[in-house]
Amino acid sequence: GGGGGARRSVLLGLARADEQLRPALAALLPAEAFVALYSASRTPFLGALAASAGCGALPSAPSIGLRAMGLSFRNDLGNAAGLDKDGTLLDFNYALGAGYAVVGTVLSDPHSGNLFDFLGGLWRGNAWTPLPSSGGALNSLGLPSKGVEPALRNIAAFRERHGVPPQRAEHGRPAGDGGASFPVGVSIMGHPAHSDPADKLEGVLRCVRLCLPLADFIEINESCPNVHHGGGHGGDATAELRKRLEAIVAERDAAARGGGRRVPLLVKLGDLGEAEGTVRFLSRLGIDGVVALNTQKDYASFELPPADRALLDSYTARYGGGLSGPPILDRSSAQAAAAQAAVRELGLAGRFVVVHVGGVQSAADVQRSRATGAELRQWYTGLMHGLARPEPDLLYERVTAPERHQRLRAAMR
């Protein structure tokens, strides 16, 4: 309603002011104080955004009539996992004009994530910081989650409010339009507190079973840099990954044979390695696509302005964490292009999807991402920056359909 819109305007006004003040704050404050400020404010800000989302009519979402994985999408850009841990931001992302949404990463049981003491124990929580000069970010959240059930309740309530039922993946049909063309994916990972691989896998399978009736697609997170995944190295790690994915695919296929939908399965990776081998490995297991890339930990490989480098060195020495945003765009684009080339080489076009994530922020970045051949793309750090720019309600139109946006702006003058 109107109250929600007013609250959202205030919040986004604060985001704009913050974006402009960040470089000065980073220069003025000690690194620990700067990190504490942003770590403490992240969750309340996202919670306030969720509370500000009204239940109004269908937004004029930019629609490019897209089909991927047999599903119909409003457009090719949606939020990455990690933004909407528990499905509380679905209304917000829907109203903003997103092409689709990813909820999670969800876990089989509640988890606090990585907790750190800040400012001598004055505050304890999950660590996150922006890198003001480059537009990048660092996070060491460690998968905080309320558990899978609350997320699914939020997805079900969203679907009921907006008339957005789960889609049945059907290849070869033309793309739909409008509100029902808003796939909701769920990101799932083994619980970081489960040290036994069998317990971890059973937790994942329980999440998969619960999510299948409500999710349009499922994203298996094999790449979070802020938790220990278990497993060995080289061949051992590949064998364990194969075992996990075979069990997940079997769970999905059994549900489909039992009269359910065949829900597409994606795997999110932090590095594709040799792209053709990775795509072949995943597709032979029955996986429907790859999401590339998650945040990165080889910090020295990325060019950063001196102020951001100093903040990164201070932050990572204390909290570890993964790097996201514009600094990793070159790497993620190259790997998405390599994955798409492998899809063509292996004759998997139309049967194996590449989802590009990592540094997408602007209309130019979306064009560059589309040029890799990847059918879909995701953003998180770039989305947060976009919300801090003028006219955030037109953000998705400005980024995914810039020519139409310019024509509309010209007609309004």
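Let's go straight to a salt bridge: R159 pairs with D216, and their closest N and O atoms sit 2.8 Å apart. This one links distant parts of the chain, with R159 in helix α4, residues 148-162, and D216 in the loop between α5 and β10, 57 residues apart. Are these two partners buried or exposed? R159 counts as buried because its relative accessibility is 6%, and D216 counts as buried too, at 1%. Please keep in mind as I go on that this is a predicted model.

For anyone who wants the chemistry behind it, side chains of opposite charge can pair when their charged atoms come close. A search of the whole structure turns up 18 salt bridges, and I'd like to show you a few others.

Take D18 and R22. Their closest N and O atoms are 2.8 Å apart. Both residues belong to helix α1, 4 residues apart, which is about one turn of the helix. Both D18 and R22 are buried.

Now a salt bridge with a partner on the outside. R368 pairs with D330, and the closest N and O atoms are 2.7 Å apart. R368 is in helix α10, residues 363-371, and D330 is in helix α9, residues 329-345, so this pair ties together parts that are 38 residues apart in sequence. How exposed is each of the two? R368 is partly exposed, because its relative accessible area is 35%, while D330 counts as exposed at 52%.

Salt bridges can also join into a network here: R252, D253, R262 and D288 are linked in that way.

Let me step back to the whole protein for a moment. It has 13 helices and 15 strands. Of its 413 residues, 55% are buried. If you take the contacts with a separation of 6 or more, 74% of them are between residues 24 or more positions apart. As for the outside, the protein exposes about 16,600 Å², and carbon and sulfur atoms supply 56% of that.

So, on to the inside. The largest nonpolar core has 71 residues, and the members that touch the most other members are I188, I218, L245 and L282. Which element gives the largest share of this core? That is helix α5, residues 197-211, which brings 6 residues. Apart from this core lies another one, of 21 residues, among them F118, L131, A137 and L311.

L245 is a good one to click on. Setting aside neighbours within four places in sequence, L245 is in contact with I220, E222, V267, F281, L282, L285 and I287. L282, you may recall, is also among the residues that touch the most other members of the largest core.

Another buried spot to look at is A292. This residue lies in strand β12, residues 289-292. A292 is buried because its relative accessible area is 0%. What does A292 touch, once residues up to four places away in sequence are left out? The list is L269, L272, V355, H356 and V357. There is also a nice example of the fold bringing residues together: A292 and V354 are 62 residues apart in sequence, and their C-alpha atoms are 7.6 Å apart in space.

For the surface, have a look at L28, L29 and L37. Together they make a nonpolar surface patch of about 280 Å². L28 lies in helix α1, residues 2-28, the helix that also holds D18 and R22. L28 counts as exposed because its relative accessibility is 71%.

Last topic, and one that may matter to you at the bench: cysteines. A disulfide is a covalent bond between the sulfur atoms of two cysteines. How many disulfides does the structure hold? The number is 0. C207 is in no disulfide, and the nearest cysteine sulfur, that of C211, is 6.0 Å away. Why is there no bond for C211? The closest cysteine sulfur to that of C211 is in C207, and 6.0 Å is too far for a bond, because a disulfide needs the two sulfur atoms within 2.5 Å. C207 is buried, with a relative accessible area of 0%, and C211 counts as buried at 0% as well.

That's my tour, and I'm happy to go back to any of these residues on the screen.

Terms used. Residues are numbered from 1 along each chain as its sequence is written. This is a predicted model: local features need pLDDT of at least 70, side-chain atom pairs count only at pLDDT 80 or more; totals for chains, interfaces and linings use all residues. Side-chain values use heavy atoms; hydrogens and water are left out. Helices (H or I, at least four residues) and strands (E, at least two) are DSSP runs, numbered from the N terminus. Buried means under 20% relative accessible area, exposed over 50%, partly exposed in between (1.4 Å probe, protein chains only). Contact means heavy atoms within 4.5 Å. Patches are made of residues with over 30% relative accessible area and no salt bridge: like charges are joined within 9 Å, nonpolar side chains (Val, Leu, Ile, Met, Phe, Trp, Tyr) within 5 Å. Accessible areas come from the Shrake-Rupley method with a 1.4 Å probe; for residues, only the protein chains shown count as cover. A salt bridge is a side-chain nitrogen of Lys or Arg within 4 Å of a carboxyl oxygen of Asp or Glu. A nonpolar core is a set of buried Ala, Val, Leu, Ile, Met, Phe, Trp, Tyr and Cys residues joined through side-chain atoms within 4.5 Å.
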